[in-house]
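Got the viewer open? Here's a short walk through the model, one selection at a time.

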Amino acid sequence: ITLYLAGRPLVARTVLWNLDLPGVTTPATVEFVRSLGKRNVKICLDTSHILMAKESLGDIVAGIADEVGMVCLSVPKQDVYGQCFNAHDPVAGSRWETEVKALATVASTVAPDAPLCLNAVYRDWDEIYSDIKRILPA
């Protein structure tokens with residue numbers, strides 16, 4: 001059994017059921033996983049969380065190949081005030097399509113054994129296929 005932890009970069013008071021809990025950045029999650037010293041606890045790099053927090057995947061993945069266990073691919077939504085929330089939207093056609101493809105490429109290079117997981121809420125198979133075509137190399 002392997003457990004995967006993802007950073008939760010935003011303060012959770014925006015979520016009614018989770019008031020006033022602090023957010024946890026991806027680098028802080030990496031440090032927590034390292035402190036456990038357990039081979040079956042890995043990092044899940046969540047592109048939606050990384051984009052919402054404006055974290056740099058290049059900075060995050062430097063030296064953490066052994067800790068990366070999975071990469072979840074989806075994008076957040078952004079409201080009219082520029083605030084992001086984790087909607088698990090499809091990547092294809094989003095304003096973050098290029099960034100997610102780059103994040104997936106970097107993560108696959110650093111941790112080639114880590115699976116890429118489509119983590120969006122899709123309406124149909126066409127949306128899934130669109131994400132596959134846009135994210136995976138030709």
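Start by selecting helix H4, residues 97-110. H4 lies across S2, S3 and S6, and its direction makes an angle of about 165° with S3. Keep in mind as you go that this is a predicted model.

**The open sheet**

Now show the strands under H4. S2 covers residues 41-46, S3 is 68-73 and S6 is 116-118. Add S1 and you have an open sheet of four strands, ordered S1-S2-S3-S6 and paired in parallel. S1 (3-5) and S6 are the edge strands, with a single partner each, so one side of each has no neighbour in the sheet. On average, neighbouring strands here are turned by 30° against each other, ignoring direction.

Zoom in on S3. How many of the six residues of S3 are buried? Six of the six, so S3 is largely enclosed by the rest of the structure. On one side, four bridges tie S3 to the parallel strand S2. Pick Leu 45 and you'll find its bridge partner in S3, Val 71; pick Asp 46 and the residue opposite is Cys 72. S3 also runs parallel to S6, joined by three bridges. Val 71 turns up again here, standing opposite Leu 116 in S6.

**Helix H1**

Next, select residues 26-36, which make up helix H1, and show the side chains of the buried ones: Thr 26, Thr 29, Val 30 and Val 33. Look down the axis: they cover an arc of only 105°, which puts them on the same side of H1. What do these buried residues pack against? Their partners are S1, S2, helix H2 (47-53) and helix H3 (57-61). Right after H1 comes Gly 37, with a positive phi near 65°.

**A glutamate in a loop**

Go to Glu 67, in the loop between H3 and S3. Is Glu 67 buried or exposed? With a relative accessible area of 15%, Glu 67 is buried, since the cut-off for that label is under 20%. Leaving aside residues up to four places away in sequence, Glu 67 touches Val 33, Arg 34, Lys 42 and Ile 43. You've already met Val 33, among the buried residues of H1.

**The S4-S5 hairpin**

Move on to residues 75-78 and 84-89, strands S4 and S5, which pair antiparallel over three bridges. Click Val 75, and its bridge partner in S5 is Asp 89. Five residues sit between the two strands of this hairpin, and Gly 82 has a positive phi near 85°.

**Last stop: helix H5**

Finish with H5, residues 125-135. At the start of H5, a side-chain oxygen of Asp 124 comes to within 3.1 Å of the backbone nitrogen of Asp 126. Which residues of H5 are buried? Glu 127, Asp 131 and Ile 135 are. Viewed down the axis, the buried residues of H5 fall within an arc of 55°, so they line one face of the helix. They pack against S3, H4 and S6, which brings you back to where the tour began. Spin H5 round to the face turned away from its buried side and you'll see the exposed residues Trp 125, Asp 126, Tyr 129 and Lys 133.

Note on methods
Residues are numbered from 1 along each chain as its sequence is written. This is a predicted model: local features need pLDDT of at least 70, side-chain atom pairs count only at pLDDT 80 or more; totals for chains, interfaces and linings use all residues. Side-chain values use heavy atoms; hydrogens and water are left out. Buried means under 20% relative accessible area, exposed over 50%, partly exposed in between (1.4 Å probe, protein chains only). The arc is that of the directions from the helix axis to the C-beta atoms. Contact means heavy atoms within 4.5 Å. A polar contact is a pair of N or O atoms within 3.5 Å; within protein, one must be able to donate a hydrogen and the other to accept it, and residues adjacent in sequence count only if both atoms are side-chain atoms. Two strands pair if DSSP finds at least two bridges between them. Axes are lines fitted to C-alpha atoms, for helices over the stretch in contact, and angles run from 0 to 180 degrees between N-to-C directions.
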